[in-house]
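Please look over the structure shown below before reading on, and keep it in view while you read. The report goes from one kind of side-chain pairing to the next.

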Amino acid sequence: MKQDAPGRWRPSPLLYASAAVHVGAGAAVLARPHVWPWALGAVAANHIGLAAAGLWPRSRLLGPNWTRLPARDGSEAAVAITIDDGPEPDVTPQVLAQLETQRACATFFCVGERVLRYPDLAQEIIRRGHAIENHSQRHRHNFSLLGPGAMNAEVSKAQESIHRVTGSYPKFFRAPAGLRNPFLDPVLVRLKLRLASWTRRGFDTVNGDPDVVLRRLTTPLQAGDILLLHDGHAARGRGGKPVILDVLPRLLDALNSAGLSPVTLRSALP
């Protein structure tokens with residue numbers, strides 16, 4: 001799968017088609033005013049299509065999106081474990097200890113304000129050889145409804161927050177819950193960020209059963225997978241234990257048995 005490097009923003013074919021619908025609808029109403037209900041219907045259908053594209057986290061209809069690691073010589077056995085919504089002081093240190101036990105690397109998509117709140121923990125993530133990427137400044141649940149200015153603020157503020165603490169700017173962005181709208185892609189291009197979603201997720205923010213979460217992540221398990229877990233907002237299993245702490249060691253064992261090596265998203269950049 002070819003991955004475009006950040007550069008000049010180019011609207012996706014869907015956005016060109018959307019512009020054509022709006023222009024065509026306007027021209028039709030000017031030429032024949034009585035067709036306005038049909039023109040309005042076409043515009044409404046177009047907006048529904050745009051919204052659906054933004055609500056599909058793995059979609060590339062609004063712009064480039066990493067859903068798997070790009071194929072590269074010598075990296076056929078690589079997968080990426082990505083961990084969202086932290087850092088979380090009650091969970092992240094235990095996640096780091098589990099990763100270190102098996103000498104595994106992970107990518108942490110961190111919330112900017114939490115990085116500022118727990119700078120020592122963010123620095124520890126980096127010190128242990130992992131990567132921190134951009135998961136917005138505040139993890140707003142209405143992120144996909146933001147206009148261009150507010151969306152730019154959420155992403156750019158997180159860039160600066162993470163850089164202030166770690167000394168490095170993120171290279172990837174993941175939208176809260178993976179939901180976005182057409183205003184995001186130009187922001188990412190300007191900030192030289194790549195959008196990354198996932199191949200599979202365990203839904204571990206809503207399901208506290210480690211067997212179910214693990215099965216979702218590993219069925220099937222293939223080279224190039226990008227797998228999603230959460231240290232922040234983690235669901236709790238029996239005894240109130242965050243489910244990631246039961247799932248991660250078993251996931252690492254499964255990867256080892258399959259001959260797959262966890263890498264950071266950055267290490268997979270062309």
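What follows describes a predicted model, beginning with its aromatic rings and ending with its charged pairs.

**Aromatic pairs**

A search of the whole structure turns up 2 aromatic pairs. In one of them, the ring centres of Trp-66 and Phe-172 lie 4.9 Å apart while the ring planes stand at 70 degrees, so this pair is edge-to-face; the reason is that an angle over 60 degrees counts as edge-to-face. Trp-66 belongs to the loop between helix H2 (36-54) and strand S1 (78-84), whereas Phe-172 belongs to strand S4 (residues 172-173), so the pair ties together parts that are 106 residues apart in sequence. Trp-66 and Phe-172 are both buried.

The rings of Phe-143 and Phe-173 also pair, with centres 5.8 Å apart and planes at 35 degrees, so this pair is tilted. Phe-143 sits in the loop between strand S3 (131-134) and helix H6 (148-166), and Phe-173 sits in strand S4, so here the parts tied together are 30 residues apart in sequence. Are Phe-143 and Phe-173 buried or exposed? Phe-143 has a relative accessibility of 1% and therefore counts as buried, and Phe-173, at 0%, counts as buried as well.

**Cysteines**

How many disulfides does the structure hold? The count comes to 0 disulfides, where a disulfide would be a covalent bond between the sulfur atoms of two cysteines. Cys-105 is partly exposed, with a relative accessible area of 27%, whereas Cys-110 is buried, with a relative accessible area of 1%.

**Two residues of helix H6**

Helix H6 contains Ser-156 and also Ile-162, and each can be followed through its surroundings. Ser-156 has a relative accessible area of 17%, so this residue counts as buried, the cut-off for that word being under 20%. The side chain of Ser-156 reaches the backbone oxygen of Asn-152 at 2.6 Å. When residues up to four places away in sequence are not counted, Ser-156 touches Arg-190 and Leu-191.

Ile-162 is buried too, with a relative accessible area of 0%. Leaving out residues up to four places away in sequence, the residues that Ile-162 touches include Cys-110, Val-115, Ile-132 and Pro-170. Although Ile-162 and Leu-116 are 46 residues apart along the chain, their C-alpha atoms are separated by 7.6 Å.

**Helix H8 and its surroundings**

In helix H8 (residues 210-218), the residues Pro-210, Val-212, Val-213, Leu-214 and Leu-217 are buried. Against which elements do the buried residues of H8 pack? They pack against strand S6 (200-201), strand S7 (226-230) and helix H9 (243-257). At the start of H8, a side-chain oxygen of Asp-209 comes to within 3.0 Å of the backbone nitrogen of Asp-211.

**Salt bridges**

The structure holds 11 salt bridges, and the table gives some of them with the distance between their closest N and O atoms.

| Salt bridge | Closest N and O atoms |
|---|---|
| Glu-124 with Arg-128 | 2.8 Å |
| Arg-138 with Glu-154 | 2.8 Å |
| Arg-250 with Asp-211 | 2.9 Å |

In the pair of Glu-124 and Arg-128, Glu-124 is partly exposed, with a relative accessible area of 21%, and Arg-128, at 30% relative accessibility, counts as partly exposed as well.

Arg-138 forms a salt bridge with Glu-154, and this pair links distant parts of the chain, with Arg-138 in the loop between S3 and H6 and Glu-154 in helix H6, 16 residues apart. Arg-138 counts as partly exposed at 43% relative accessibility, whereas Glu-154 is buried, with a relative accessible area of 3%.

Arg-250 forms a salt bridge with Asp-211, and since Arg-250 lies in helix H9 and Asp-211 in helix H8, the pair ties together parts that are 39 residues apart in sequence. Arg-250 is partly exposed at 35% relative accessibility, and Asp-211 is partly exposed with a relative accessible area of 41%. Elsewhere, Glu-100, Glu-124, Arg-127 and Arg-128 are joined into one network by salt bridges that share partners.

Note on methods:
Residues are numbered from 1 along each chain as its sequence is written. This is a predicted model: local features need pLDDT of at least 70, side-chain atom pairs count only at pLDDT 80 or more; totals for chains, interfaces and linings use all residues. Side-chain values use heavy atoms; hydrogens and water are left out. Rings of Phe, Tyr and Trp (its six-membered ring) pair if their centres lie within 6.5 Å; planes under 30 degrees apart count as stacked, over 60 as edge-to-face and the rest as tilted. Helices (H or I, at least four residues) and strands (E, at least two) are DSSP runs, numbered from the N terminus. Buried means under 20% relative accessible area, exposed over 50%, partly exposed in between (1.4 Å probe, protein chains only). A disulfide is a pair of cysteine sulfur atoms within 2.5 Å. A polar contact is a pair of N or O atoms within 3.5 Å; within protein, one must be able to donate a hydrogen and the other to accept it, and residues adjacent in sequence count only if both atoms are side-chain atoms. Contact means heavy atoms within 4.5 Å. A salt bridge is a side-chain nitrogen of Lys or Arg within 4 Å of a carboxyl oxygen of Asp or Glu.
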